[in-house]
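Visitor: Could you walk me through this model and explain the terms as we go?
Guide: Gladly; here it is.

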Amino acid sequence: MKLIFEYAPSKANDYIPASGAEGKISVPDFGKEIKLELPELAEVVVARHYAALSRMAFGVDDGAYPLGSCTMKYNPKINEYAASLEGFTDIHPAERAKDLGGAMELMYGLGEALKEITGMDGVTLSPAAGAHGEYTALRIIDAYHRSRGEQRKKILVPDSAHGTNPASAAIAGFEVVNVPSDSDHGVDIEALKRLADSDTAALMLTNPTTLGLFEKNISVIANIVHGAGGLMYYDGANLNAVMGVVRPGDMGFDAVHLNLHKTFSAPHGGGGPGAGPVGVKAFLKDFLPYPVVGRRGEEYVFERPEKSIGKVNAFYGNFSVLIRAYAYILSLGKEGIPLSAKTAVLNANYLKALISAEYPSAPGLCMHEFVASMENLKRETGVTASDIAKAMIDKGIHPPTIYFPLTVHEAMMFEPTETETKETLDYIAGSLKEIYAVALKDPEAFKKFPLTTPVGRPDEVAAAKDMRLTADM
Ligand SMILES: *Cc1c(COP(=O)(O)O)cnc(C)c1O
């Protein structure tokens with residue numbers, strides 16, 4: 001539908017389009033004709049179009065979302081209420097600290113809570129994501145070594161680490177040294193002894209590991225790295241499994257990042273705003289990026305640490321995410337935080353046990369997530385982890401993370417989180433068993449799954465290798 005209207009600035013009525021007309025705009029003063037191709041649609045048609053599009057997406061409010069490593073827990077609506085309060089939404093970040101009252105108190109309170117939860121002495125709320133937190137912490141670690149007249153070039157990263165760890169180390173200018181795993185999927189201690197030396201700036205460790213297992217040799221590892229003069233960095237993206245139960249600061253770590261958009265219940269996915277605060281031990285506080293929110297008597301102030309690495313984000317980071325996380329922490333409280341972690345672990349173990357015959361994972365207890373391997377099924381039937389994931393979509397369940405970590409073949413990484421009910425966990429398990437039975441009986445059927453989505457099997461390789469980034473596709 002093309003829409004044309006006469007343009008005559010002297011008469012207000014002439015701005016009103018002639019309905020359904022096809023034609024041109026004439027600009028009398030300039031003698032020019034401009035063709036406009038404006039769509040003409042009824043408001044209700046537009047509303048329904050967008051409502052229909054919104055139903056094609058899948059979010060945690062639509063169904064179970066056991067996406068391992070990502071902690072897609074339900075985000076309580078009270079967090080949204082707090083983040084939408086006018087006192088927060090109507091302030092400008094350039095206002096003076098003394099006029100920012102409640103916002104300053106909130107940032108200070110959140111920082112104090114995160115210090116207590118992690119066992120650290122200083123915190124920055126600036127980083128905008130987990131990876132950004134890693135980068136910030138590595139810059140702090142680098143500044144610390146340099147302040148002592150040392151320039152250490154290597155960051156040790158276990159092979160089970162999240163991909164952001166080596167990427168952040170490389171972007172921060174370090175050389176990445178891969179530490180192999182032992183047969184228990186933990187850090188290979190003998191290899192670590194060989195690799196840790198006077199050029200080691202830090203070891204980055206995720207605990208629980210990406211396999212959902214608690215790293216048992218933490219103190220041995222910390223002794224080796226500290227012994228070589230390196231620092232211990234904790235990737236706390238998986239803190240959901242242990243918050244309120246054990247603290248990175250007590251395990252021998254010097255710095256940690258947290259993903260507020262995972263553990264502390266801010267919505268995420270689709271590239272939306274996140275927050276990756278970094279906690280550090282006292283000897284690193286001087287290097288934190290500014291501003292740090294401090295308190296002098298009854299007043300909250302912005303501080304600039306003496307040897308600060310500078311700014312890592314505009315203003316104070318993603319403030320609305322900080323509000324949601326603080327609302328979440330306050331609503332859980334001191335008892336609720338460990339209970340939430342324990343429930344996350346219980347739910348993962350319950351689901352693991354229900355499906356272990358069909359979806360085998362490492363024996364024994366897991367933490368908040370577990371990794372099943374579909375290697376046997378693939379060998380027997382040709383049905384892959386990806387095929388199972390596609391079939392889950394038709395059951396109204398978001399697929400788990402697949403093909404990660406790379407150390408497990410045909411991996412399916414389940415993280416149900418603490419927010420799912422027993423009924424939902426039973427439904428996930430029942431659906432997975434049904435899908436498995438179909439795989440044995442009719443493997444050919446999997447070529448067509450999913451049947452219920454507008455797009456089912458896009459060419460994933462083309463999406464990565466043949467990117468079109470311009471509008472004129
Ligand atoms: C999610 C995650 C990250 C990265 O966090 P982003 O906010 O996506 O940058 C890092 N490490 C681990 C273990 C994670 O699960």
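Visitor: Which residues surround the ligand most closely?
Guide: Of the 14 residues around the ligand, the closest are Gly130, Ala131, Asp235, His261 and Lys262; a residue is near a molecule if one of its heavy atoms lies within 4 Å of it. This is a predicted model, where local features need pLDDT of at least 70, side-chain atom pairs count only at pLDDT 80 or more, and totals for chains, interfaces and linings use all residues. Residues are numbered from 1 along each chain as its sequence is written, and side-chain values use heavy atoms, leaving out hydrogens and water.

Visitor: What lies 2.6 Å from a nitrogen atom of the ligand?
Guide: An N or O atom in the side chain of Asp235 does. A polar side-chain atom of His261 is 2.7 Å from an oxygen atom of the ligand.

Visitor: Why is the pair of Tyr234 and Phe253 called edge-to-face?
Guide: Rings of Phe, Tyr and Trp (its six-membered ring) pair if their centres lie within 6.5 Å; planes under 30 degrees apart count as stacked, over 60 as edge-to-face and the rest as tilted. The centres of Tyr234 and Phe253 are 4.8 Å apart with planes at 85°, so the pair is edge-to-face.

Visitor: What makes Phe287 buried?
Guide: Buried means under 20% relative accessible area, exposed over 50%, and partly exposed in between (1.4 Å probe, protein chains only). Phe287 has 4%, so Phe287 is buried. Tyr144, at 14%, therefore counts as buried too.

How values were computed
A polar contact is a pair of N or O atoms within 3.5 Å; within protein, one must be able to donate a hydrogen and the other to accept it, and residues adjacent in sequence count only if both atoms are side-chain atoms.
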